[in-house]
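This briefing is meant for someone meeting the structure for the first time. It takes up charge and surface, then the overall fold, and then one helix in more detail.

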Amino acid sequence: MAGPTASENQNFCFKDELDAFKLSLSPNKEVILEHYLAGWSGLVKFLNRLGNVFGFISKDASSKIQILKNFLNGEHGSEYFTVQSMVKYELENNLVDLKKAGSHPESGCRTLLRLHRALRWLELFLERLRTSQEDGKTSVMCADAYNESLAQFHPWVIRKAAGLAFCMLPGRLSFFEAMNVGTPDQVVAMLGEALPVVVEVYQITQDLYAKHDLLDIP
């Protein structure tokens, strides 16, 4: 399992990456898409630091991050400033395939929903890492988090592949070292401060999607 280079170690700090989620919350609790995507890019960097074991999620997340960045930088970029404005714009202009796959397979709403579901899995896993004992099995933590979240949206083949990948996960300390924050106690403290913000961002998005019946976009 390839590890990060010395320069990557100097430039990466998981706390800084998670802080982007804090920046994504506007004063009126809307989710600013640019900072949300920055937070997700940080999660992808973290997963990649652990080698190829999370490749099946990081590659998919990276492609979806790019799709949403293209919307932000496109002709109607101002409509994608927040998740709330994106949902309003795409629904009002019939840009979302609500019931079956159609002419908008890469709509912003559908693309973000896939990141949203994965964010729940990673948040649950990181919380388990934070609260577990030193000898806790990361494979079990990750599998339990996956089964509570993403698994319900994946076909059997992907669930099976994910289960096999989780068996290859390094120990808890390896995850903490990859975060490049400091001692295990410092990592635990950092996660204790950062994860509630991630949960808040997730819940705001969840409530918005539920309000507009977007949680099951095909």
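For the charge count used here, Lys and Arg are taken as positive and Asp and Glu as negative, while His and the chain ends are left out. On that basis the chain, which is a predicted model, carries 22 positive and 26 negative charges, and the mean positions of these two groups are 5 Å apart.

**Surface and burial**
- The accessible surface of the chain is about 11100 Å², and carbon and sulfur atoms contribute 51% of that area.
- Of the 218 residues in the chain, 46% are buried.

**Overall fold**
- The chain contains 10 helices and zero strands, so that reading along the sequence gives the pattern α-α-α-α-α-α-α-α-α-α.
- The radius of gyration of the chain is 17 Å, which agrees with the value near 17 Å that a compact globule of 218 residues would have.
- Along the principal axes, the C-alpha atoms fill a box of roughly 50 × 40 × 30 Å.
- Among contacts with a separation of 6 or more, 71% join residues that lie 24 or more positions apart.

**Helix 9 and its surroundings**
- Helix 9 spans residues 172-179, and its residues Arg-172, Phe-175, Phe-176, Ala-178 and Met-179 are buried.
- These buried residues lie on the same side of helix 9, because they cover an arc of only 160° around the axis.
- The partners against which the buried residues of helix 9 pack are helix 2 (14-23), helix 3 (33-49), helix 6 (108-131), helix 7 (138-148) and helix 10 (184-211).
- Just after helix 9 comes Asn-180, which takes a positive phi of about 55°.

Definitions and conventions:
Residues numbered from 1 in each chain as written. Predicted model: local features only at pLDDT ≥ 70, side-chain atom pairs only at ≥ 80, totals over all residues. Heavy atoms only, no water. Helix = DSSP H or I, 4+ residues; strand = E, 2+ residues; numbered from the N terminus. Rg over C-alpha atoms; globule rule 2.2 N^0.38 Å. Buried < 20%, exposed > 50% of the residue type's maximum accessible area, 1.4 Å probe, protein only. Contact = heavy atoms within 4.5 Å. Areas by Shrake-Rupley, 256 points an atom, 1.4 Å probe, with all protein chains shown as cover. Charge placed at Lys NZ, Arg CZ, Asp CG, Glu CD. Arc of directions from axis to C-beta.
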